[in-house]
Amino acid sequence: MAKVSDPLQVCLSVVGALECVVRRCVGPSGGTVIFTKDTGETLITKHGHRILTALHLEHPIARTVLESLCAHDGVTADGSKSFILLLAALLRGIRDSVHESSRTHRRHASWKLANQLHAFCWDGLDDVVAHGVVPYTSSLFGPGGCELEGGVLAALVGGYVGGRVSPSQAEVLTPLLCELYARLGHGHTDGAAISFIHSNFSQLHTAVSGLHSARSHVVEGLLLACDWSVWKEADGPVKALVVFEKLDTRDDESVSIQLQDDWTVHSDGVVQERLATVLRLQVNIVLSAVKQPDCVLVWACLNNVSVLDCCDPEQLDLLCELCTAEPLTVQPPMRVGTLTHCRRFQLGGRRYANVGVTHTSVHTHTLVLCAPAAGPLEQSVSVSRGVFSMLQHLSQSHRHNDVSPCPQEQRLTSSQRLTSSQRLTSSQRLTSSQLFSPCPNLCHCILNAGDVIPVGGAFEFLFHHSLLHSNHGDPESRRLLAEAVLSVPRSLHTHRPGDFLQHLAHFTSRLLQPHAIREPGSGSEFMWGLGADGSGRVCVEPVCSKHQLVASVLQCVNRLLRVETVIHTPRSLALAAAEDDDDDDEEDDDGDRT
């Protein structure tokens, strides 16, 4: 057992070390990190979550921070590097605020600030974002505002991808991921396609190493990572049989050895009967999760039936779900469905099977990701998965398109403090069904309701200004958070600090004027989020992810600064917690009996 003498200093030392790792990887101009192992394996990435989870962290405070970060990333799939930067800046601000106090008073003062920040997270954060950020974000995309080249989806994907991969990879991935969404959703802009891709991304992508990233593309249908054992050309819609066991599986595993000859004859008869059933169903393709015996392959060749075995069972389950395959009342379990096409497909030196299926709500396509080496390939897969996790979070937390800030809220200036009377009225508040129901037109909703904001510090500058002119919570805790939040855009301009000061001064001067940041016809000088290639395309990020980032960091600060003692135990903590729950249940039962 180790007594933590100064929790604040210990936390700052640990988080500061993590900050040094991620600081150089922030933004499109940030560098990459190379991880090496004794086995020769390497990992090259600038993805914040991938970097932090690859570290071997022994300190319990570091593991606690990583646990909080992973919980945040599980919700938004975004902001891992910003999480560490904001957490370190906030801890430094608390240290500077209490440094003149004695050691005993310093600990209580840091606890008090942590509690005040935690209270602000629950009581004031929503109102500050709703009144100080969202009204301005809506005006950024109003008449005469920023034009999103390629649509809001391209701007969202470009903003997410640009900070996690190299510019050349970003140029390939951004249009590719937009194409996957457009094709799979039949061109509709609702959230069904995003939810489908998010839930089934593992089955909807194929990673190919050894090819240039420019070879990445979108393929109609599903790609199965195996070659046809028996191949027969088939045109048009074909009927497919899906099996998960061998077709010569014995019904009885306990046959005695004396009856071996008789069993062989009986077994051959069972197999022939099953294969005859397949022919009666007019099946053209057999898709199997296991390797089928030679007798089945010979039968398939003689009867013009294609066989694809050793398929991924999860892909077969998805295929059955999409084509609404009907189960058969025979053994082993089999299902029959209709496919739009079946083809051979080759990527590099490897052959794949391409099968097509059409569903009422989605048109299945597969994302083919190529890279010259395993490291960049893993990075592309991770970022592509994260894009749809981010879009899923945005589609679930969007504001309904008929709920928009009133004109008075859109014209808030620095002289108008946010008072309790300016909170959203009951008619303007969002219900839980509005917050978590799929948006009928996602792109229209997020633009009209101000759910996205240009990358590059726009949210942080607005949030900073709103905190300084708000009356929610304690003034000192608001000041600390307002200063700490600027650490994120400051890190984007590490190589050219003057750019950060110029942006901040320009933004503040615009806020002090008695009109909104963006007026109709005022030109296009508000170009915050430049594309990864520096072409000037606007990239955006979700406000809900930024909101969740601030909330997660405030909760993590409160959790860290309340650490008093570190105790090492050889027991499994999950087991210990389960035993404690059992003891509580037994005590409750004893109380009921008495």
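**Figure 1. Helix H8 and its buried residues.** In this predicted model, the buried residues of H8 are Val152, Leu153, Ala154, Ala155, Leu156, Val157, Gly158, Tyr160, Val161 and Gly162. That makes 10 buried residues out of the 12 in the helix, so H8 is largely enclosed by the rest of the structure. The helix runs over residues 151–162, and its length checks out too: at 1.5 Å a residue it should span 16 Å, and its end C-alpha atoms are indeed 16 Å apart.

**Figure 2. Threonine 45 and its surroundings.** Threonine 45 sits in strand S3, which covers residues 42–45. Is threonine 45 buried or exposed? It's buried, with a relative accessible area of 0%. Leaving aside residues up to four places away in sequence, threonine 45 touches Thr32, Val33, Phe35, Arg50, Ile51 and Gln379. Take one of these, phenylalanine 35: it is 10 residues from threonine 45 along the chain, and the two C-alpha atoms are separated by 8.5 Å. There's a polar contact to look for as well, since a polar atom of the threonine 45 side chain lies 3.0 Å from the backbone nitrogen of histidine 47.

**Figure 3. The hairpin of S12 and S13.** Here strand S12 (residues 341–347) pairs with strand S13 (residues 350–356) in the antiparallel sense, over 7 bridges. To follow the pairing, start at histidine 341, whose bridge partner in S13 is glycine 356. The hairpin has 2 residues between its strands, and glycine 348 takes a positive phi near 65°.

**Figure 4. Glutamine 282, a positive phi in a loop.** Most residues other than glycine have a negative phi. Glutamine 282 goes the other way, with a positive phi near 60°. Look for glutamine 282 in the loop between helix H11 (260–280) and strand S8 (285–288). Its relative accessible area is 61%, so glutamine 282 counts as exposed.

**Figure 5. Threonine 324, another loop residue with a positive phi.** Which loop holds threonine 324? The one between helix H13 (313–322) and strand S10 (326–327). Threonine 324 isn't a glycine, yet its phi is positive, at about 50°. With 58% relative accessibility, threonine 324 is exposed, whereas threonine 45 of Figure 2 is buried at 0%.

Definitions and conventions:
Residues numbered from 1 in each chain as written. Predicted model: local features only at pLDDT ≥ 70, side-chain atom pairs only at ≥ 80, totals over all residues. Heavy atoms only, no water. Pairing = 2+ DSSP bridges. Helix = DSSP H or I, 4+ residues; strand = E, 2+ residues; numbered from the N terminus. Buried < 20%, exposed > 50% of the residue type's maximum accessible area, 1.4 Å probe, protein only. Expected span 1.5 Å × (residues − 1). Contact = heavy atoms within 4.5 Å. Polar contact = N/O pair within 3.5 Å; in protein donor to acceptor, adjacent residues only side chain to side chain.
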